[in-house]
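Subject: Structure for you to look at

Hi,

Here is the structure I promised to send. Please open it beside this email and follow along.

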Amino acid sequence: MKILVTGANGFIGKNLIAELRNRNYTDIFEYTKETEQSLLNEYCKEADFVFHLAGVNRPKDETEFMKGNFGFTSTLLATLKEYDNKCPVMISSSIQAEFNNPYGKSKKAGEAILFEYERETGAKALVYRFPNVFGKWCKPNYNSVIATFCYNIANDLPITVNDPSVTMNLVYIDDVIEELINALNSNMNSVGEFCEVPTVYRVTLGEIADLIYSFKSSRDERLILDMSNPFTKKLYSTYLSYLPKNQFSYDLKMNIDQRGSFTEFIKTPDRGQVSVNISKPGITKGNHWHHTKNEKFLVVSGKGVIRFRKIDSNEVIEYFVSGEKMEVVDIPTGYTHNIENLGDTDMVTIMWANELFDSEKPDTYYLEV
């Protein structure tokens, strides 16, 4: 299948082309402002499907709205008609088409001419009125508040929130691309005469700003928010794509003593925390028990033994562990336990606890195994 993508170097275009290639679509005609005009004839002659994503969002002169959003659409459709190419045409419109402003008028005019083209030729017209689209590769400080907030906060720049109660309708770029590829395969989500991305998030501007600031502070707090919330998950992925190139990494606080070190890696509000424990050769750590707190130990380097004793018993249970065999050991409540490094090198253990450490109520009681 030969696919023409106009606006190929734009936000949606770049994401669409990347995923089309992931799915082994190889005949992709990429059309941008820099493309030779003569190539449009060739592309329109051979295309089996057209994704018309080109448009004007923020021109220097308002007259460019109509030229970019209506004029080029007219040229595109006229060229397809010239070659009697009745392939489906998808157009990227906007919810602004419902409003009486220069941008909205130009988008609605583009829709109208495509619907007219459908009536004249019988070619399938797929009109998507997108709300605000967010995700990686969106240009900040342009026409996306999320791109601007993510970029500015990640780069320690101020943001402006005039009214935090303003509610926005948002669609995520991956959901947009999934829907467009569905449309390519005649499985679009049609609602009346238009097509829509089925997953839309309604979120206030204040909530968006607070979430992005929490992503920024999560490095210091080692806290990962609830990623079972789809919007939080997608917004966090978006935020990470705006990190400065020299700030992909960040330091953790290592609690170091003569026995080795203990470092908290990740904390979550509902799934406990993950830490990294390093024990020097011959060192034993632990010798304590818990009422409710429970843990999982995974030795990833070195070798050792994890010992247990029920606090009202004399029986000692041993589990020998090694980085050569990935084996998770549960630490049940009511058992005092320790871990000893039996090797000649440092032993590294990944430790998960079902709750965050609370210094006021640590639920940890010293008792030799």
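Of the 369 residues in the protein chain, 44% count as buried. Buried means under 20% relative accessible area, exposed means over 50%, and partly exposed lies in between (1.4 Å probe, protein chains only). This is a predicted model, where local features need pLDDT of at least 70 and side-chain atom pairs count only at pLDDT 80 or more, while totals for chains, interfaces and linings use all residues. Residues are numbered from 1 along each chain as its sequence is written, and side-chain values use heavy atoms, leaving out hydrogens and water.

**The whole chain**

The protein chain has 8 helices and 21 strands. These are DSSP runs, numbered from the N terminus: helices are H or I with at least four residues, strands are E with at least two. The radius of gyration, taken over C-alpha atoms, is 29 Å. The globule rule (2.2 Å times the number of residues to the power 0.38) gives 21 Å for 369 residues, so the chain is more spread out than a compact globule. Its C-alpha atoms fill a box of roughly 90 × 45 × 40 Å along the principal axes.

Contact means heavy atoms within 4.5 Å. Take the contacts between residues at least 6 apart in sequence: 72% of them join residues at least 24 apart.

**Helix H5**

How many of the 10 residues of H5 are buried? The count is 8, so this helix, residues 145-154, is mostly covered. Among the buried ones are Ile146, Phe149 and Ile153. Their cover includes strands S6 (132-134) and S7 (167-172). Helices H7 (205-221) and H8 (230-240) also help to cover H5. After H5 comes aspartate 156, with a positive phi near 60°.

**Strands S16 and S17**

S16 (residues 303-310) and S17 (residues 317-322) run antiparallel, joined by 6 bridges. Two strands pair if DSSP finds at least two bridges between them. A hairpin of 6 residues links S16 to S17. Valine 305 stands opposite phenylalanine 320 in S17.

**Lysine 303**

Lysine 303 sits in S16. Why does lysine 303 count as partly exposed? Its relative accessible area is 47%, which falls between the 20% and 50% cut-offs. Lysine 303 touches several residues more than four places away in sequence, including Val321, Glu340 and Met347. Methionine 347 is 44 residues from lysine 303 in sequence, yet their C-alpha atoms are 6.2 Å apart.

Best wishes
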